[in-house]
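Here is a short set of exercises to work through with the model open on your screen. Try each task first, then compare your steps with the solution.

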Amino acid sequence: DGFSICRTVRHSFTGPILILTANDDEMNEVIGLEIGADDYMTKPVRTHVLLARLRTQLRKPAAVDPDASGSCITVSGLVIDASRRAVELDGTTIDMTTAEFDLLWLLAENVGQVISRDTIYQTLNGLPYDGLDRSIDLRISRLRKKLGDDPQHPARIKSIRGVGYLFAAD
């Protein structure tokens, strides 16, 4: 099924994954997105909406362009390997969606620096931030959960109120 395929290829496939299904159960949509899909649509689909979503996924710039010297970042037990698009925390592999990985890589590249939501949104989506989209906040929340970072008192990914996010070294 689509979930099995997504789980199998997500760790090695860097392109977008869209699940197109007849199953309109909300929980399945959440599971699909959590296991690595970049989008989820239920049938019947409106052709123009499907094409727009595909164009959106394909228009997103690759946030990670690993080269031989800078394809791995290690911070406080967290290893982010861009060449394999893999994340390990204290030796344990952490599954990430493409969007989560790209956000984590961007934050880790700028460890110790505050990055504004506008900059994050622009970098990851290639579009100016409209002030309404909360997708970055949702991804931050998911990253914190996957990295075991307490959302009430985060130590790794900190929210700097009115400014943006800070990936802390310690």
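A friendly reminder before you start: this is a predicted model. Under the ring-pairing rule, it has 2 aromatic pairs.

**Exercise 1. An aromatic pair**

Task: Find out how the rings of Phe101 and Trp105 are arranged, and whether the two residues are buried or exposed.

Solution:
- Step 1. Start with the ring centres of Phe101 and Trp105, which are 6.4 Å apart. Pairing needs centres within 6.5 Å, so Phe101 and Trp105 count as an aromatic pair.
- Step 2. Next, take the angle between the planes, which is 15°. Planes under 30 degrees apart count as stacked, and that is the label for Phe101 and Trp105.
- Step 3. Place the pair in the chain. Both residues belong to helix α4 (residues 98–109), where a spacing of 4 residues separates them by about one helical turn.
- Step 4. Check the cover. Phe101 has a relative accessible area of 2% and Trp105 one of 4%. Buried means under 20%, so Phe101 is buried, and Trp105 is buried as well.

**Exercise 2. Salt bridges across the sequence**

Task: For the salt bridges Arg142 with Glu34 and Arg117 with Asp137, work out which parts of the chain they link.

Solution:
- Step 1. Recall the general idea: side chains of opposite charge can pair when their charged atoms come close. The count for this model comes to 8 salt bridges.
- Step 2. Take Arg142 and Glu34, whose closest N and O atoms are 3.0 Å apart. Arg142 sits in helix α6 (residues 135–146) and Glu34 in helix α2, so their bridge ties together parts that are 108 residues apart in sequence.
- Step 3. Look at the exposure of these two. Arg142 is partly exposed at 22% relative accessible area, and Glu34 is partly exposed at 32%.
- Step 4. Turn to Arg117 and Asp137, which meet in a salt bridge at 2.7 Å, N to O. This pair links distant parts of the chain, with Arg117 in helix α5 (residues 117–125) and Asp137 in helix α6, 20 residues apart.
- Step 5. Compare their cover with the cut-off. Arg117, at 22%, is partly exposed; Asp137, at 18%, counts as buried because buried means under 20%.

**Exercise 3. A salt-bridge network**

Task: Which residues are linked with Arg84 in a network of salt bridges, and where does Asp81 lie?

Solution:
- Step 1. Begin with the bridge between Arg84 and Glu88, where the closest N and O atoms are 3.9 Å apart. A salt bridge needs these atoms within 4 Å, so this pair meets the rule.
- Step 2. Widen the view: Asp81, Arg84 and Glu88 are linked in a network of salt bridges.
- Step 3. Locate Asp81 in strand β4. At 13% relative accessibility, Asp81 counts as buried.
- Step 4. Add the other two members. Arg84 is partly exposed at 45%, and so is Glu88 at 27%.
- Step 5. Connect this with Exercise 1: Asp81 and Phe101 lie 20 residues apart in sequence, with 9.8 Å between their C-alpha atoms.

**Exercise 4. Backbone exceptions**

Task: Find out what sets the backbone apart at Pro44, Arg85 and Asp90.

Solution:
- Step 1. Keep the usual pattern in mind: most residues other than glycine have a negative phi, and most peptide bonds are trans.
- Step 2. Go to the bond between Lys43 and Pro44. This peptide bond is cis, with omega about -5°, and Pro44 is placed in the loop between β2 (39–42) and α3 (47–59).
- Step 3. Move to Arg85, where phi is positive, near 50°. Arg85 lies in the loop between β4 (78–81) and β5 (86–89) and is buried at 16% relative accessible area.
- Step 4. Finish with Asp90, which also has a positive phi near 50°. Asp90 is in the loop between β5 and β6 (92–94) and counts as exposed at 64%.

**Exercise 5. A charged patch**

Task: Which residues gather with Glu29 in a surface patch, and what is its charge?

Solution:
- Step 1. Place Glu29 in helix α2 (residues 26–34).
- Step 2. Check its accessibility: Glu29 is partly exposed at 32%. Patch members need over 30%, so Glu29 passes that cut-off.
- Step 3. Name the patch: Asp24, Asp25, Glu26 and Glu29 gather on the surface, and the patch is one of negative charge.

Methods: Residues numbered from 1 in each chain as written. Predicted model: local features only at pLDDT ≥ 70, side-chain atom pairs only at ≥ 80, totals over all residues. Heavy atoms only, no water. Patch = residues over 30% accessible without salt bridge, like charges linked within 9 Å, V, L, I, M, F, W, Y side chains within 5 Å. Areas by Shrake-Rupley, 256 points an atom, 1.4 Å probe, with all protein chains shown as cover. Salt bridge = Lys/Arg side-chain N within 4 Å of Asp/Glu carboxyl O. Lys, Arg positive; Asp, Glu negative; His and termini not counted. Charge placed at Lys NZ, Arg CZ, Asp CG, Glu CD. Helix = DSSP H or I, 4+ residues; strand = E, 2+ residues; numbered from the N terminus. Buried < 20%, exposed > 50% of the residue type's maximum accessible area, 1.4 Å probe, protein only. Phe/Tyr/Trp six-rings, centres within 6.5 Å; stacked < 30°, edge-to-face > 60°.
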